[in-house]
Every structure is written in C-alpha cells, then in structure tokens.
Amino acid sequence: TTIPVTVTAIPAPTVVTVQGNLEGNITWTADKIYKLVGFVRVGEEAVAGTVTKIGTLTIEPGTIIIGDRASKGTLVVQRGSKLIAQGTAAKPIVFTSERAVGEREAGDWGGLVICGQAPNNLPNTQASRELEGGYGAFHGGTDAADNSGTLKYVRLEYAGIPINPNQEVNSLTLASVGSGTTIDYVQASYGLDDSFEW
C-alpha cells in the first residue's frame with residue numbers, strides 16, 4: 001500500500017542588510033536574519049556632544065544578527081539611544097559570524113558597543129570621551145541612572161576586531177553605562193579580544 005506524503009519545504013529566513021544610522025523606534029523580528037555592514041549606529045553623534053539622532057532598537061527573542069566579515073560589522077548604541085534585546089532561555093538573541101558552522105573564526109565581525117551618559121573614573125567626567133580606536137563612540141556625562149536599555153539572554157560569538165595596535169572593538173563594550181541599564185545572562189564566546197570591557 002502506498003501512502004502519499006506531503007513534504008513542505010521551509011524557506012530560509014530573509015536576510016536584511018542593515019547599515020548606517022538607525023533613528024526612531026525600530027524592531028527586528030525573529031523571522032528574519034539581520035546583517036550588520038560596517039558600523040551600524042542606533043542614534044547619531046558624529047561630533048562629540050552633539051546628538052543629532054536618537055533611536056530605540058528592539059530585538060525579539062530568537063532573533064539572529066550576523067556581522068559582515070569584510071566590513072567587520074559592528075552595532076554601536078550612541079548616547080541617548082537604547083537597545084532593548086530581551087531574549088529568553090529557550091529563545092536567546094544571538095549575534096554571530098555570517099560564515100557557516102565549522103568555518104567561523106574569532107574576529108569575524110566587530111561586536112556590540114553601548115555608550116551611556118553616566119559618570120566614569122576619568123578626570124573631568126562631564127567632558128565627552130571617545131572609545132579607543134576613534135570610531136565615533138562617545139560616552140560619559142552626569143546621569144548615574146542613565147538608561148541605555150536591556151540585554152537579557154543574549155549570546156555574542158566570534159566577535160572582536162583590532163582597529164589600531166592595542167585598540168580593539170570587543171564582544172561587548174560598555175562605556176559610561178548608567179544604573180538604569182539592565183544586563184542579565186549575557187554570554188560572550190570565541191572572541192578575538194576581551195569578552196566584556198568597561
């Protein structure tokens with residue numbers, strides 16, 4: 001007896017290329033893969049102390065974000081903007097290499113950088129500071145309770161790039177991030193430089 005079987009192909013998720021500055025309220029959904037090309041910024045502060053765009057990027061549980069290897073894709077949350085990335089234990093948010101499993105290497109993409117407006121331990125903390133490498137990630141201020149968003153159940157894999165000798169983008173960089181920011185259950189694996197840098 002022959003029993004007919006219906007086979008339904010599951011289409012590959014759409015890959016959405018993201019570059020430049022993000023402004024306003026943006027949501028990335030789990031049914032797509034988001035590819036970071038170059039330095040992708042939530043908000044804009046091209047000149048230290050002059051914030052010209054503000055954004056809030058919300059990432060759904062289970063979403064995958066890949067970094068372009070050629071341009072060392074990096075996500076930078078500028079001062080005054082927020083990243084809301086709340087995964088779950090069953091559906092973590094994963095930032096990873098664009099290459100196939102088995103081909104991935106440390107340093108395949110840049111990393112995640114969050115810049116806040118809280119005081120830091122540098123002299124004259126009201127002045128703007130720029131993160132090492134000089135890529136326009138300014139941080140610092142006077143609001144100890146500054147809120148740059150939420151990271152929960154987030155994995156960061158194969159990140160970390162050198163910009164200059166001894167100046168790198170790390171898997172997760174937190175710069176003058178205030179106490180209003182929530183960070184729980186973040187895993188950094190297979191990075192080229194530091195897993196976490198403050």
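A residue counts as buried when its relative accessible area is under 20%, as exposed when it is over 50%, and as partly exposed in between. The exercises below apply this and other terms to a predicted model.

**Exercise 1. Determine whether L174 is buried or exposed, and describe its surroundings.**

Solution.
Step 1. Locate the residue: L174 belongs to strand β17.
Step 2. Apply the cut-off: the relative accessibility of L174 is 7%, so L174 is buried.
Step 3. List the contacts: when neighbours within four places in sequence are left aside, L174 is in contact with I114, I183, E197 and W198.
Step 4. Consider a pair distant in sequence: L174 and V113 are 61 residues apart along the chain, yet their C-alpha atoms are 6.2 Å apart in space.

**Exercise 2. Describe the largest pocket by its volume and its lining.**

Solution.
Step 1. State the volume: the largest pocket has about 250 Å³.
Step 2. Turn to the lining: 17 residues line this pocket, and those closest to its centre are L131, H139, L174, A175 and W198. L174, the buried residue of the previous exercise, is thus one of the residues closest to the centre.
Step 3. Sort the lining by class: seven residues are nonpolar, six are polar and four are charged.
Step 4. Identify the element that gives the most: strand β17, residues 172-175, contributes three residues to the lining.

**Exercise 3. State which residues of the largest nonpolar core touch the most other members, and describe the contacts of L57.**

Solution.
Step 1. Recall a general tendency: in soluble globular proteins, nonpolar side chains tend to be buried together.
Step 2. Examine the core: it has 27 residues, of which W28, L57, I59, F95 and L151 touch the most other members. Strand β14, residues 149-157, supplies the largest share of this core, with three residues.
Step 3. Note a further core: a second, separate one has nine residues, including V76, L131, A137 and I161. L131 is also among the residues closest to the centre of the largest pocket.
Step 4. Examine L57: apart from neighbours within four places in sequence, L57 is in contact with L22, I26, W28, V42, L75, K82, L83 and I84. One of these, W28, is itself named among the core members with the most such contacts.

**Exercise 4. Determine whether T63 is buried or exposed, and trace its links to T29 and V94.**

Solution.
Step 1. Locate T63: the residue lies in the loop that joins β6 (55-59) and β7 (64-67).
Step 2. Apply the cut-off: T63 has 0% relative accessibility and therefore counts as buried.
Step 3. Find the polar partner: the T63 side chain reaches the backbone nitrogen of A30 at 3.3 Å.
Step 4. List the contacts beyond four places in sequence: T63 is in contact with W28, T29, A30, K32, Y34, P92, I93 and V94.
Step 5. Follow the link to T29: this residue is in the loop between β3 (24-28) and β4 (32-36). The side chains of T29 and D31 are joined by a polar contact of 2.5 Å. Not counting residues up to four places away, T29 touches Y34, E60 and T63.
Step 6. Follow the link to V94: strand β10, residues 93-97, holds this residue. V94 is buried because its relative accessible area is 9%. Not counting residues up to four places away, V94 touches T63, I64, I65, R155 and E157. The C-alpha atoms of V94 and R155 are 4.8 Å apart, although 61 residues separate the two in sequence.

**Exercise 5. For the loop residues S176, Y190 and A70, decide which are buried and which are exposed.**

Solution.
Step 1. Take S176, in the loop between β17 and β18 (182-189). With a relative accessibility of 10%, S176 is buried. Its phi is positive, about 50°, although S176 is not a glycine.
Step 2. Take Y190, in the loop between β18 and β19 (196-197). The relative accessibility of Y190 is 54%, so this residue is exposed. Phi of Y190 is also positive, near 60°, and Y190 is a residue other than glycine.
Step 3. Take A70, in the loop between β7 and β8 (74-77). A70 is exposed because its relative accessible area is 74%. The C-alpha atoms of A70 and V37 are separated by 8.4 Å, and the two residues are 33 residues apart along the chain.

How values were computed: Residues numbered from 1 in each chain as written. Predicted model: local features only at pLDDT ≥ 70, side-chain atom pairs only at ≥ 80, totals over all residues. Heavy atoms only, no water. 1 Å grid on protein atoms, 1.4 Å probe; cavity = no way out; pocket = protein on both sides within 12 Å on 5 of 7 lines; lining within 4 Å. Points joined across faces, edges and corners; volume = space filled by probe spheres on them. Helix = DSSP H or I, 4+ residues; strand = E, 2+ residues; numbered from the N terminus. Nonpolar A, V, L, I, M, F, W, Y, C, P; charged D, E, K, R; others polar. Buried < 20%, exposed > 50% of the residue type's maximum accessible area, 1.4 Å probe, protein only. Contact = heavy atoms within 4.5 Å. Core = buried A, V, L, I, M, F, W, Y, C linked by side-chain atoms within 4.5 Å. Polar contact = N/O pair within 3.5 Å; in protein donor to acceptor, adjacent residues only side chain to side chain.
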